[in-house]
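Trainee: I would like a close look at one part of this model, with its surroundings described step by step. Could you start from a single side chain and work outwards?

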Amino acid sequence: MRKRHWLSTMVLGGTMAALPVLAQQPAEQQVMDLANADRAQQGLPPLKWDPALAQAATQHAQLMAQQPALSHQYPGEPDLDARAGSAGAHFRAIAENVALAPSPQALNQEWMHSPPHRANILDPRMDTIGVGLVQRGGNYYAVEDFASTVAELGPQQIEQKIGQLLQQRGLQPAGLTQEARQTCEMDHGSAGGPKPWFVMRWTGTDLGRLPDELEQRISTGKYHKAAVGACGNPGQGFTTYKIAVMLYQ
């Protein structure tokens, strides 16, 4: 499941001496640092700050502070992935925690004592975070947005990455980039130039691997050249790349 969110309404009080002392830092920074401390204890890499996620989280926290109850979506409000996408985030997975508590430490303790919230903080797929806080009535209306980010790349960058994978497998560039781009836009067949022996089109988020079917074709040893074309607009929010590879003997 690519989108996951959880809320918590318990207001915590008291002190938490066992937690790090972070009072000199902005509250949003404290929330991120506490989450990263929890991840470090599990051997997970730290989350990086994402301004787009922070913008989306802050906007939702502001709306949440005006409502009688916590929620991940209010009437007339876009859902989580649309909010994050509109703010400029690009991702393959996204999750959200919301809560109400008097301090960053209390927020973190509440989330970490709730299995679904804890799972979001400790999700190894997530690599970025944005935090939105609104202080009202002695408490923070808090939103943590997490994402597994996808790089915003142009066609040439996408083609270069896939081309490198093909060259690692012994295939040389066929010099037919424009034809491959046009083929990428097509539902079937191929565009112009010499007819390829095999065409593979796919949509995905991982530019570090080739589709299994394409790997199997290459492994036959029948093909010596390849053309790569990227097409379409990856867009914002859930981001995917559309790619075509043409194989030649």
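Is Phe 238 buried or partly exposed, and what is its relative accessible area?

Mentor: Bearing in mind that this is a predicted model, Phe 238 is partly exposed, with a relative accessible area of 23%, and since buried means under 20%, Phe 238 does not count as buried. The search for aromatic pairs finds one, and this pair is made by the rings of Phe 91 and Phe 238, whose centres lie 4.9 Å apart and whose planes meet at 70 degrees, so the arrangement is edge-to-face. Because Phe 91 belongs to strand β3 (residues 90-101) and Phe 238 to strand β9 (residues 237-238), the pair ties together parts that are 147 residues apart in sequence. The two partners are covered to unlike degrees, for Phe 91 is buried, with a relative accessible area of 0%, whereas Phe 238 is partly exposed, at 23%.

From β9 one can go on to β10 (241-248), which is mostly covered, seven of its eight residues being buried. This strand takes part in an open sheet of four strands, ordered β6-β8-β10-β7, with mixed pairing; the edges are formed by β6 (172-173) and β7 (198-204), each of which pairs on one side only. Helix α6 (residues 155-168) packs on the sheet and touches β6, β7, β8 and β10, and its direction makes about 155 degrees with that of β8. Another helix, α8 (residues 212-219), lies across β7 and β10 and runs at about 150 degrees to β7.

As background to the pairing, strands of a sheet pair through backbone hydrogen bonds, either parallel or antiparallel. In this sheet, β7 and β10 run antiparallel and are joined by seven bridges, with Thr 203 standing opposite Lys 242 in β10. On its other side, β10 pairs with β8, again in the antiparallel sense and over seven bridges, and there the bridge partner of Gly 229 is Ala 244 in β10. The link between β6 and β8 is parallel and consists of two bridges, including the one in which Gln 172 has Lys 225 of β8 as its partner.

Strand β8 also holds one end of a covalent link: a search of the whole structure finds one disulfide, which joins Cys 184 to Cys 231 with an S to S distance of 2.1 Å. The angle about the S-S bond is -65 degrees, and the link is left-handed. Since Cys 184 lies in helix α7 (residues 177-185) and Cys 231 in strand β8 (residues 225-231), the disulfide ties together parts that are 47 residues apart in sequence. Both cysteines are buried, Cys 184 with a relative accessible area of 1% and Cys 231 with one of 9%.

To place these details in the whole, the protein has eight helices and 10 strands, and 49% of its 249 residues count as buried. Among contacts between residues at least 6 apart in sequence, 71% join residues at least 24 apart. The protein exposes about 12,200 Å², of which carbon and sulfur atoms supply 50%.

Notes:
Residues numbered from 1 in each chain as written. Predicted model: local features only at pLDDT ≥ 70, side-chain atom pairs only at ≥ 80, totals over all residues. Heavy atoms only, no water. Disulfide = S-S within 2.5 Å. Buried < 20%, exposed > 50% of the residue type's maximum accessible area, 1.4 Å probe, protein only. Pairing = 2+ DSSP bridges. Contact = heavy atoms within 4.5 Å. Axes fitted to C-alpha atoms, helices over the stretch in contact; angles between N-to-C directions. Phe/Tyr/Trp six-rings, centres within 6.5 Å; stacked < 30°, edge-to-face > 60°. Areas by Shrake-Rupley, 256 points an atom, 1.4 Å probe, with all protein chains shown as cover.
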